[in-house]
Amino acid sequence: SYLTPAFDMGGVTLSGTATYDPNAGAGPAAPGSSGTNSLGGTAYTIKAVMGGIEIGAGVEEQETALTTPTSEESNVTGYIVYKNGPLGIMYQEVQNNAAANSVTTGSDYDGEIWGISFAQGDWAMSYVEQTENKDSPGATSNGKEVEMNAITASYTMGAMSIKGGIFETTNPEYTTGKYEETEIALSFAF
C-alpha cells in the first residue's frame, strides 16, 4: 500500500492511496510462507478537501477464480461531505459489479446514501437514508429496492449519556417485508 502525502494546491488539499494485494480474497500468509492463492487485486482512492467540503472516490478490482472467459469483480464509490460548525451533510454513491463468465452471471448492486447531522454542545441528532438496487438476471429478487433509514439522537451530561435511535428497513435482503427497531441506551462512565 502507498499513501501519498497531502498536497496543497491553491487552497485544495489532495491525497490518495494505491494498494496491490497479490493474495486477494485470502488472509495474510503465515510468517516464512507464501500466500494461498495466485489471484490479485488493486485499489485506488483520492480525496480533495477545501474549507468545509470533502470530495472523494475509490475503485477496487479483484481477480476471480471463475474459468475463462472471466471478468474481474469491481467496486466503485464516490462521496461528498459538507461540514460547517455543528451541521454536517453527506451524499455517497456505490456500485458493485460481480464477476461473471459465460456460465456464471454475477449480481450487480448499486446504491446511494445521504445523511444530515447536527451536533451542538452536549447533544447530537442525525438522519441517514440508504437505497440499494440489485440486478441479478433471472432472479426473483431482481428489481427489488432495499430502503434503510435511521434517526438517532444523543445527550451527554458529565459522565452520563443517553442515546436512542429508530431504524427501519424495507425489503431486507431483497425480499418483501419490513424490519423496524427502536433502541434506547443509557451509559455511565466511571
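Me: What makes Leu186 in strand β12 count as exposed?
Reply: Leu186 lies in strand β12, and strands here are DSSP runs of E with at least two residues, numbered from the N terminus. The cut-offs are under 20% relative accessible area for buried, over 50% for exposed and partly exposed in between (1.4 Å probe, protein chains only). Leu186 has 51%, so exposed is the right word. Keep in mind that this is a predicted model, where local features need pLDDT of at least 70, side-chain atom pairs count only at pLDDT 80 or more, and totals for chains, interfaces and linings use all residues. Residues are numbered from 1 along each chain as its sequence is written, and side-chain values use heavy atoms, leaving out hydrogens and water.

Me: How do you know how confident the predictor is in the protein chain?
Reply: From pLDDT, the predictor's confidence in each residue, from 0 to 100. The protein chain averages 87, and 82% of the residues score at least 70.

Me: What makes Leu186 part of a nonpolar patch?
Reply: A patch takes residues with over 30% relative accessible area and no salt bridge; nonpolar side chains (Val, Leu, Ile, Met, Phe, Trp, Tyr) are joined within 5 Å, like charges within 9 Å. Leu186, at 51%, is exposed, and the patch lists Leu186 along with residues including Phe118, Trp123, Met125 and Tyr155. Together the patch residues have about 1100 Å² of accessible area, by the Shrake-Rupley method with a 1.4 Å probe. β12 gives the most, with 3 residues.

Me: Why are β8 and β9 called paired?
Reply: Two strands pair if DSSP finds at least two bridges between them. Strand β8 (residues 108–120) and strand β9 (residues 123–135) share 13 bridges, so they pair, and they run antiparallel. Phe118 stands opposite Met125 in β9.

Me: What about β9 and β10, how many bridges join them?
Reply: 11 bridges, again antiparallel. One of the partnerships sets Trp123 against Tyr155 in β10.

Me: Why is the contact of Lys178 with Glu168 called a salt bridge?
Reply: The rule asks for a side-chain nitrogen of Lys or Arg within 4 Å of a carboxyl oxygen of Asp or Glu. Here the closest N and O atoms are 3.9 Å apart, so the pair qualifies. The structure holds 1 salt bridge. Lys178 lies in strand β12 and Glu168 in strand β11, so the pair ties together parts that are 10 residues apart in sequence.

Me: Which of the words buried, partly exposed or exposed fits Glu168?
Reply: Glu168 has 24% relative accessibility, so it counts as partly exposed. Lys178, at 52%, is exposed.

Notes: Helix = DSSP H or I, 4+ residues; strand = E, 2+ residues; numbered from the N terminus.
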